[in-house]
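Good morning, colleagues. I should like to take you through one model today, beginning with the whole chain and ending with a single residue.

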Amino acid sequence: MAYIRARAVDYALRWAFKRNPQYANFDLMGGDCTNFVSQCLYAGCQVMNITKDVGWYYFSLNDRSAAWTGVQYLYTFLTTNQGPGPYGRQLPLEAAEPGDVIQLSFDGVNYAHSLLVTRTGDTSSVSNIMLTSHTFDAKNRPLTTYFYQSLRLIHLDGARY
């Protein structure tokens, strides 16, 4: 089914420097980056997976899945999801499209930051990928300005309803 990339990107650009009051702000609870990316993905697909423990959903601060706010949990959900909600796969950076997710590892072992791809060139490369994120709030920030040991691209293939 459809994952509408433009809706995810529009949401990211709209909320890059502010917080949507419909969601808790996780800045003081370990970071808001994956919560923000999940909001963007939801804007692009309009469906959650409410499966307890392994789903991807947000109803309130105290009623949400680990995948909604946790970097590794989001990766696992997106790359293994066979049920409702968005799904994707890890691909080389050159496959990046607006609406995809990039996750950064600062130590080369643990991934600790999620960002939404909001712009690329005709052919994606490190030099032309722009990212929008929370925690370290950014809007169309070049990937080349981030310091990291490794990164992974999660290419969104669609959403199931």
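**Overall dimensions**

For a chain of 161 residues, a compact globule would have a radius of gyration near 15 Å; this chain has 14 Å, so the two agree. Please bear in mind that what you see is a predicted model. Along the principal axes, the C-alpha atoms fill a box of roughly 40 × 35 × 30 Å. Buried residues account for 50% of the 161 residues in the chain.

Let me turn to the secondary structure. The chain contains 4 helices and 8 strands. Read from the N terminus, the order of elements is α-α-β-β-α-α-β-β-β-β-β-β. As for contacts, if we take those between residues at least 6 apart in sequence, 61% join residues at least 24 apart.

**The largest pocket**

Next, the open space. The largest pocket holds about 160 Å³. Two elements give two or more residues to its lining, namely helix H3 (66-69) and helix H4 (71-80). Of the elements, H4 gives the most, with 4 residues. The lining comprises 13 residues in total, and those nearest the centre of the pocket are Asp53, Val54, Gly55, Thr76 and Phe77. What is the make-up of this lining by class? There are 5 nonpolar, 7 polar and 1 charged residues.

**Threonine 132**

I shall close with one residue, threonine 132, which lies in strand E6, spanning residues 130-133. Is threonine 132 buried or exposed? Its relative accessible area is 0%, and a residue counts as buried under 20%, so threonine 132 is buried.

Which residues surround it? Setting aside neighbours within four places in sequence, threonine 132 is in contact with Ala12, Leu13, Ala16, Phe36, Leu115, Leu116, Thr118, Ala138, Lys139 and Asn140. Two residues on that list, Thr118 and Asn140, deserve a further word. The side chains of threonine 132 and threonine 118 are joined by a polar contact of 2.9 Å. With asparagine 140, the partner is the backbone: its nitrogen lies 3.1 Å from a polar atom of the threonine 132 side chain.

Finally, a distance across the model. Isoleucine 50 is 82 residues from threonine 132 in sequence, and their C-alpha atoms are 26 Å apart in space.

To restate the point about this residue: threonine 132 is buried, and its side chain has a polar contact with the side chain of threonine 118. Thank you for your attention.

Key: Residues numbered from 1 in each chain as written. Predicted model: local features only at pLDDT ≥ 70, side-chain atom pairs only at ≥ 80, totals over all residues. Heavy atoms only, no water. Buried < 20%, exposed > 50% of the residue type's maximum accessible area, 1.4 Å probe, protein only. Contact = heavy atoms within 4.5 Å. Polar contact = N/O pair within 3.5 Å; in protein donor to acceptor, adjacent residues only side chain to side chain. 1 Å grid on protein atoms, 1.4 Å probe; cavity = no way out; pocket = protein on both sides within 12 Å on 5 of 7 lines; lining within 4 Å. Points joined across faces, edges and corners; volume = space filled by probe spheres on them. Nonpolar A, V, L, I, M, F, W, Y, C, P; charged D, E, K, R; others polar. Rg over C-alpha atoms; globule rule 2.2 N^0.38 Å.
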